[in-house]
Structures are given as C-alpha cells and as structure tokens.
Amino acid sequence: MPVKHIFLSPEQVLFGIGAVEQLGDCVTSLKGKKVFIVTDKVVVGLDSFKAVEKSLRLKNIEYHLYTDVEANPTDVQIDNGAKLYKQTNSDSILAVGGGSSIDSAKAIGIVVSNGGSIRDYEAYDSVVNTIPPLIAIPTTAGTGCEVSAWAVITNTQKNYKFCPGGARIIPKIALVDPELTVSMPPGITAATGMDALSHAIEAICSPYAMPQTDAYAFSAIRLVVKHLGSAVADGSNMAAREGMAMAALEAGLAMNANTGGVHALGHQLSTQYGIPHGVAMGLMMPIIMDFNMIACLDRMADIAVAMGEDITGLSKQEAAGKAPAAVLELQKSLGLPTSLSECNADPTLIKVCAKWAMTDTSIPGNPREMTQEQIEALFKKAFEE
Ligand SMILES: [Fe+2]
C-alpha cells in the first residue's frame with residue numbers, strides 16, 4: 001500500500017533579520033566552491049543583493065549570475081539555465097528572489113542532475129537523481145517554495161503549467177531574512193500574502209493533511225491575519241515583514257499535504273489571462289472553499305476561528321461559512337480583485353481553463369472530487385463575484 005503521508009523539509013532553515021550574512025558559511029558547509037546564482041534583473045539591482053555577494057566574497061566563493069528568470073518561468077529558460085550551469089562548471093545553486101527564481105533553480109537542478117529537458121519531469125516524483133545542493137533565499141513572503149518540494153513551470157509548446165516535484169528537489173538550506181522582503185511594493189506584498197494563506201487553507205482541507213501540516217497551517221493563517229494588512233500598509237514595518245516571512249515559510253511546510261482546487265483552477269488564470277499567482281489564488285479561494293464546504297465542514301469552522309471569526313452560538317454550517325467570507329473580506333480590504341470581470345478576462349476561455357485544471361497536479365489534493373462541468377461552473381462564478 002502506498003504511503004499516504006510524507007513530511008519533507010530542507011535540512012536547515014535559518015530565519016531572522018540579518019540571516020543573509022550566514023550565506024557564505026552555508027555554501028561552505030555544502031562544500032560549494034562555484035555557485036550558480038539564479039535570480040532576476042530586478043533583484044540583482046537591490047541593495048539587499050549586495051549583502052548576498054558580500055557574504056560569498058568574504059568566504060572566497062566564486063559565483064556565476066544567471067538573471068534570465070521572468071515571472072512564470074518557462075521550459076526554454078530552464079533548459080538554457082541548465083546548459084549554462086554545466087558550461088560554468090558550477091557545483092551548487094543559490095536562488096535569490098520570488099517564486100519564479102526559486103522554482104527555476106529547482107528545475108535547473110533537475111535537468112542538470114537528470115539530463116533531457118524539464119518537460120521530461122512533469123509527473124510528480126519522476127525525478128530520479130537529487131538536484132545539486134540548493135540554497136533558497138526568498139525576497140517575497142508567500143510562495144513558500146524555499147521549503148517546498150514543488151516547482152511551477154510553463155510548457156511553452158502546449159501553454160500550460162506543470163509542477164515537477166518530489167523529495168529530490170527540496171532546497172538543502174532555506175535562508176529566510178525578512179529584511180530582504182522590505183523592497184516588495186504593496187501590491188506584490190498583498191498578492192504573495194494571499195498565496196501563503198491559500199497554501200495554509202488548502203493544506204488543512206487536503207486529504208493528505210497530517211498533524212505536522214495542520215500545526216504549521218493554522219499558525220500561518222493566524223500570522224497572515226495579524227500581519228498582512230500592516231505589511232501592505234507600511235512596507236518598512238519590520239514586525240509585520242517578519243510575521244509574513246514566517247507565515248510564508250510555515251504555509252510552505254504545510255504544503256507537504258498538497259494544494260487543491262484553488263491552485264488547480266488558479267494556475268489556469270495565470271496561464272490564460274496572465275493574472276499573477278497570488279491574485280489568482282485570492283480570487284479563487286472563497287469560491288472553491290464554498291464548493292468544498294460539504295467535504296470538510298469541521299475544518300472550515302476551524303479555519304474561521306483561526307481567521308479571527310467569532311463562532312459562538314453558531315451552527316457548524318454557519319461557523320464554516322464564516323471562513324470563505326473572511327477570506328473574501330481580506331482580499332477586498334487589500335485592494336485585490338474579487339472577480340475575473342475586474343481583471344478584464346475573456347470568458348470564452350473558460351472551457352480551455354477547465355480542461356487544463358482537470359489534469360493539474362493539485363487536483364488530487366482537493367477534498368471534493370471535481371468534474372469538468374463543475375470546474376466550468378466555478379470559473380463562471382469567478383466572473384460574477
Ligand atoms: Fe501558491
């Protein structure tokens with residue numbers, strides 16, 4: 001019988017303001033001498049990136065900069081990055097950036113260690129050889145990919161996203177320094193924060209949830225509710241930045257229980273309409289939570305409590321209903337769109353979105369089975385909300 005629950009995490013998580021100063025020691029501990037840095041053109045220009053380079057220089061560690069990462073990384077960029085890793089004789093990988101950079105680093109590592117193209121590794125756990133030692137430094141607070149076993153890559157031949165994953169692609173070290181998230185503008189802070197919330201909520205409702213993922217997920221929800229608004233309102237608020245960095249990390253660990261319908265449907269909004277991942281998650285969350293309600297009434301009531309809702313005297317149904325309502329309120333209060341009409345999306349693409357959602361890697365993590373017709377109806381609802 002297959003094992004249902006596996007909890008994976010990096011070997012080390014270093015967390016705290018100034019943690020980036022430990023980078024050189026981290027690389028040395030992994031016996032790295034030539035680091036392939038995967039990042040983007042915005043991040044290399046930030047003041048905080050100087051601290052990354054300084055820490056490497058202090059330990060005489062050579063590095064090569066690969067900055068061709070863009071939002072929604074593609075198979076072509078990944079395969080090119082893997083070629084360059086080999087040409088530069090690199091022996092380890094450092095990802096600095098948001099989800100796109102860290103996912104790209106994982107995917108480049110897959111091709112480096114296993115050959116072929118990243119498109120050969122679409123199936124979960126199809127990666128045979130462990131990727132080179134990877135250190136992940138997030139500059140956003142939301143994706144949780146610094147601790148997760150997943151990457152999201154776009155197949156440019158067929159225009160859909162796939163998620164290579166498994167134990168062999170997890171970073172060795174997650175180095176989380178909340179100071180590096182200060183440069184995020186309010187819109188990205190809000191969207192990435194909603195992504196973290198979606199990881200926590202989907203992990204709690206997943207059929208693969210376990211006590212370990214529950215503990216991280218409920219804590220992450222409380223942190224998001226406490227800190228996300230403050231981080232959006234004042235990006236220099238370090239207590240809020242620290243709280244959100246921890247929320248993202250905890251929600252990323254909770255993702256061991258998989259994500260579900262929010263991600264399965266939300267991924268299509270990014271691919272077909274170019275809607276940023278976190279915005280798509282926040283938009284789909286209340287709709288999918290309503291749909292899933294019958295499958296996990298108790299869990300939804302618990303989520304409502306973690307969101308700060310008072311459920312005293314309410315029936316279980318009423319208490320559970322407070323959870324999606326609270327998520328919708330949070331999305332609105334952050335100034336994020338709550339319907340696809342607001343995003344000027346094209347409703348004629350609903351069938352295409354539903355078709356790809358049916359085969360998305362996150363579908364098995366949804367607590368309620370979904371037919372293509374139901375998914376189409378949920379996308380239609382997303383235009384109305
Ligand atoms: Fe996500």
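Helices (H or I, at least four residues) and strands (E, at least two) are DSSP runs, numbered from the N terminus. The model here is predicted, so local features need pLDDT of at least 70 and side-chain atom pairs count only at pLDDT 80 or more, while totals for chains, interfaces and linings use all residues. Residue numbers start from 1 along each chain as its sequence is written.

**Exercise 1. Take stock of the whole fold, and check its radius of gyration against a globule.**

Step 1: count the elements. There are 13 helices and eight strands.

Step 2: get the extent. The C-alpha trace spans about 60 × 45 × 45 Å along its principal axes.

Step 3: apply the rule. The radius of gyration is taken over C-alpha atoms, and the globule rule is 2.2 Å times the number of residues to the power 0.38. For 385 residues a compact globule would come out near 21 Å, and the protein has 20 Å, which agrees.

Step 4: look at burial. A residue is buried if 20 or more other C-beta atoms lie within 10 Å of its own, exposed if 12 or fewer, and partly exposed in between, with C-beta atoms placed from the backbone. By that count, 55% of the 385 residues are buried.

Step 5: look at contact range. Two residues are in contact if their C-beta atoms, placed from the backbone, lie within 7 Å. Of the contacts with a separation of 6 or more, 78% join residues 24 or more positions apart.

**Exercise 2. Work out how α7 packs against α5 and α6.**

Step 1: set the geometry. Axes are lines fitted to C-alpha atoms, for helices over the stretch in contact, and angles run from 0 to 180 degrees between N-to-C directions. A crossing is left-handed if the near helix is turned anticlockwise from the far one by less than a right angle, and right-handed if clockwise.

Step 2: take α5 first. The axes of α5 (residues 186–205) and α7 (residues 238–254) come within 8 Å and cross at roughly 35°, and the crossing is left-handed. On the α5 side the contact uses G193, A196, H199, A200 and A203, and on the α7 side M244, A247, A248, A251, G252 and A254.

Step 3: sort by class. Ala, Val, Leu, Ile, Met, Phe, Trp, Tyr, Cys and Pro count as nonpolar, Asp, Glu, Lys and Arg as charged, and the others, Gly among them, as polar. That gives eight nonpolar, three polar and no charged residues for α5 with α7.

Step 4: now α6. Helix α6 (residues 211–233) packs on α7 at about 150°, with the axes 8 Å apart. Angles under 35 degrees count as roughly parallel, over 145 as roughly antiparallel, 65 to 115 as roughly perpendicular and the rest as oblique. So α6 is roughly antiparallel to α7. This crossing is left-handed too. Among the residues in contact are Y216, L223 and K226 of α6 and R241, M244 and E250 of α7. The classes come to 14 nonpolar, five polar and three charged.

**Exercise 3. Describe the pairing of α12 with α13.**

Step 1: angle and distance. Helix α12 (residues 350–358) and α13 (residues 372–384) pack at about 130°, with their axes 9 Å apart. The two are therefore oblique to each other, and their crossing is right-handed.

Step 2: the residues. I350, K351, C353, A354, K355, A357 and M358 of α12 meet Q372, I375, E376, F379 and K380 of α13. By class that is seven nonpolar, one polar and four charged.

**Exercise 4. K31 and N258 are both non-glycines with positive phi. Is each one buried or exposed?**

Step 1: K31. Its phi is about 65°, and K31 sits in the loop between α1 (23–29) and β2 (34–38). K31 has 9 C-beta neighbours inside 10 Å, so K31 counts as exposed.

Step 2: N258. Here phi is about 75°, and N258 lies in the loop between α7 and α8 (261–273). With 24 other C-beta atoms within 10 Å, N258 is buried.

**Exercise 5. Place Y124 and K322, and list what each touches beyond four places in sequence.**

Step 1: Y124. This residue is in the loop between α4 (99–114) and β5 (134–138). Y124 is partly exposed, because 16 other C-beta atoms lie within 10 Å. Y124 touches G165, G166 and T361.

Step 2: K322. This one belongs to helix α11 (residues 316–333). K322 counts as buried, with 20 C-beta neighbours inside 10 Å. K322 touches A304, E309 and I311.
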